[in-house]
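Please look through the sequence and the structure below before reading on. The notes that follow take up the nonpolar cores, one residue in a loop, and some unusual backbone angles.

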Amino acid sequence: MTGVGVFPRDLRAQAEGAGLISPNVCMVMPETTAGPFYFDPDLERRDITEDRTGEALDLAIQVVDAECAPVTGARVDVWHCDALGNYSGYARQGSDGANDTSGETFLRGTQMADARGVARFSTIYPGWYRGRATHIHYLIHLDERTVLTSQVFFPDALSNYLYMAVEPYSTRDAARDTSNRQDRIARSVGAGGFAAVREQSKGYEAQIVVGIDAG
């Protein structure tokens, strides 16, 4: 799966020359829904894994303005489901609604963007639940003001491979039912909402550039 999510070499070179971590174009991202499972656990931390198992994922979100200048100090919140489709902090989790994770905080956290506008998280590759493509939610705040709510999407080929061949993803009885093309939110975000994903010696690295209206 080494080549999954790798952009052409010329695009990557142009992005690096502009100081961007990923060659998905520098544009203001469209707003999407935060989803039904957001809460602020007040946890500023890079490693959000806690006790969840799955393929290691290093996630980097670079926040830039409409001119591609980095937005230093932006607050980035992320949250996503575990390998079995459960979000932390809520009852009736999973596609069958049978799990209760109330009071838990796994796979949630906050980081402040560095001088390059980059916020980094250590997590696991997200699982799936009925009716949605594979995704990670994020909020971006400036001066206590939320300026963007959106989601990061991942290549279907990689998701399919992990869900079929790698535990604990592969232990589920059902197969996922929604691809990126079938997901309304993924379609609305467009190509700029998909992470550039590279295989590492242990797990994967996902990078995305997020343009915001900082005015």
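**The nonpolar cores**

In this predicted model, the largest nonpolar core is made up of 38 residues, and those with the most contacts inside it are Ile 61, Val 78, Ile 140, Phe 154 and Ile 212. Two or more residues come to this core from each of several elements, among them the strands β1 (56–64), β2 (75–79) and β8 (204–211), together with the helix α2 (156–165).

- A second, separate core has 6 residues, including Trp 79, Cys 81, Tyr 87 and Leu 139.
- Leaving aside residues up to four places away in sequence, Ile 61 touches Val 76, Val 78, Gly 117, Val 118, Ala 119, Tyr 138, Ile 208 and Val 210.

**A buried residue in a loop**

- Asn 86 sits in the loop between β2 and β3 (108–112), and it counts as buried because its relative accessibility is 6%, where buried means under 20%.
- The side chain of Asn 86 makes a polar contact with the side chain of Asn 99 at 2.9 Å, and other residues that Asn 86 touches include His 80, Gln 93 and Phe 106.

**Unusual backbone angles**

- Most residues other than glycine have a negative phi, and most peptide bonds are trans.
- Arg 92, which is not a glycine, has a positive phi of about 55°; Arg 92 lies in the loop between β2 and β3 and, at 67% relative accessibility, counts as exposed.
- Glu 144 also has a positive phi, near 65°, and this residue, in the loop between β5 and β6, counts as exposed at 76% relative accessibility.
- The peptide bond that joins Glu 167 and Pro 168 is cis, with omega about 5°, and Pro 168 is found in the loop between α2 and α3 (184–189).

How values were computed. Residues are numbered from 1 along each chain as its sequence is written. This is a predicted model: local features need pLDDT of at least 70, side-chain atom pairs count only at pLDDT 80 or more; totals for chains, interfaces and linings use all residues. Side-chain values use heavy atoms; hydrogens and water are left out. A nonpolar core is a set of buried Ala, Val, Leu, Ile, Met, Phe, Trp, Tyr and Cys residues joined through side-chain atoms within 4.5 Å. Buried means under 20% relative accessible area, exposed over 50%, partly exposed in between (1.4 Å probe, protein chains only). Helices (H or I, at least four residues) and strands (E, at least two) are DSSP runs, numbered from the N terminus. Contact means heavy atoms within 4.5 Å. A polar contact is a pair of N or O atoms within 3.5 Å; within protein, one must be able to donate a hydrogen and the other to accept it, and residues adjacent in sequence count only if both atoms are side-chain atoms.
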